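Work through the following exercises with the sequence and the structure open beside you. Try each task before you read its solution.

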Amino acid sequence: MGALQHSIQKKQHRERSQVQERSRFGFLEKHKDYVKRAQDYHKKEKTLKVLKSKAKERNPDEFYYGMNSKRVDEDGLLVTSRHGASEDDGVLTMDQVKLLKTQDSNYVRTMRLVEKRKAEKKREQVLFNGTGKHTVFVEDAESLESFSPEEYFKTSSEMLGRRSNRLREEQLVGDLNLDKAEYSESLRKKKVKKLRAITKHMERESQLAGVEQRMNMQREVMKSGSKKKIEVGEGASKRVVYKWKKQRKR
């Protein structure tokens, strides 16, 4: 019997909406709506209570430097001033904007020169080749005939052609336990790594040069004078240039 009563369909008790005769009173509030409204009301009530206690216990002699750049407007909202209490808020003047753009351009130029110097320094390290000849003097003709460059320089025949970074036998197969092929591969990997670093510095320098050029152009456009905007090039190489009207100078 207990299982049967759960199988029989029962009448669904639904919450009614606002009747048409009372539609002028608006939405018919349910219990869940009242709970949300009550929670919001008590939350605001607690906030106001805390603010009133802070205002009551406030020290009139209290001061901190943030007060110099903050004020309360007519609506009671806290407004932060960019210029401080001595000046009114407003847009920057044209001279101030030009000065800021000049400082930005100088910073970009400095960073571009730093990248350029790094690339030049690493390029000199990678592409360094020794110059000159190594002359060895012997006592007589017999010593000249029996002279062995490998034995004299204590290196292998593959290293004789190097004018710089000529390693000895103990450095190749002694303490380092590296054969000639492994050492050559290690040098090649180090050189490739340095070349990649040089490429990154050159790309960075090129990007900064483009940024510097655009910033200088913006600063020049802000100056007075009759000028005309011209588009040069097509496709990806299309760019905008400005042409100023010729003006006679006294």
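**Exercise 1. Aromatic pairs**

How many aromatic pairs does a search of the whole structure find? Then classify the pair of Phe63 and Tyr65 and the pair of Tyr242 and Trp244 by the angle between their ring planes.

*Solution.* Keep in mind throughout that this is a predicted model. The search of the whole structure finds 3 aromatic pairs. In one of them, the ring centres of Phe63 and Tyr65 lie 5.6 Å apart and the planes stand at 70 degrees; planes over 60 degrees apart count as edge-to-face, so this pair is edge-to-face. Tyr65 has a relative accessible area of 68% and is therefore exposed. For Tyr242 and Trp244, the distance from centre to centre is 6.4 Å and the angle between the planes is 50 degrees, and this pair is tilted. Both of its members turn out to be partly exposed, Tyr242 with a relative accessible area of 28% and Trp244 with one of 33%.

**Exercise 2. A salt bridge within one helix**

Find how many salt bridges are counted, and then describe how Lys44 and Asp40 are placed relative to each other.

*Solution.* The count comes to 4 salt bridges. One of them joins the side chains of Lys44 and Asp40, with a distance of 3.2 Å from N to O. Next, look at where the two residues sit: they are 4 residues apart in helix H2, which covers residues 31-56, so about one helical turn separates them. As a last step, consider the surroundings of Asp40, which is partly exposed at a relative accessible area of 36%.

**Exercise 3. A network between two helices**

Which residues are linked with Arg109 in a network of salt bridges? Trace each bridge, and say whether its partners are buried or partly exposed.

*Solution.* Begin with Arg109, which forms a salt bridge with Glu212, their closest N and O atoms being 3.1 Å apart. This pair links distant parts of the chain, since Arg109 belongs to helix H3 and Glu212 to helix H7 (residues 180-221), with their positions 103 residues apart in the numbering. The second step is the bridge between the side chains of Glu212 and Arg112, at 2.9 Å from N to O. Here too distant parts of the chain are linked, with Glu212 in helix H7 and Arg112 in helix H3, 100 residues apart. Putting the steps together, Arg109, Arg112 and Glu212 are linked in a network of salt bridges. For accessibility, Arg109 is partly exposed at 30%, whereas Arg112 is buried at 18% and Glu212 is buried at 9%. Leaving aside residues up to four places away in sequence, Glu212 touches Ser105, Val108, Arg109 and Arg112.

**Exercise 4. A buried charge without a salt bridge**

Which side chain of opposite charge is nearest to Glu115, and how far away is that side chain?

*Solution.* First locate Glu115, which is found in helix H3, residues 94-126. Glu115 is buried, and the nearest side chain of opposite charge is that of Arg204, 4.5 Å away. A salt bridge needs the nitrogen within 4 Å of the carboxyl oxygen, so Glu115 has no salt bridge. Contact is judged by another cut-off, namely heavy atoms within 4.5 Å. By that rule, and not counting residues up to four places away in sequence, Glu115 touches His201, Arg204, Glu205 and Leu208.

Technical notes
Residues numbered from 1 in each chain as written. Predicted model: local features only at pLDDT ≥ 70, side-chain atom pairs only at ≥ 80, totals over all residues. Heavy atoms only, no water. Buried < 20%, exposed > 50% of the residue type's maximum accessible area, 1.4 Å probe, protein only. Lys, Arg positive; Asp, Glu negative; His and termini not counted. Phe/Tyr/Trp six-rings, centres within 6.5 Å; stacked < 30°, edge-to-face > 60°.
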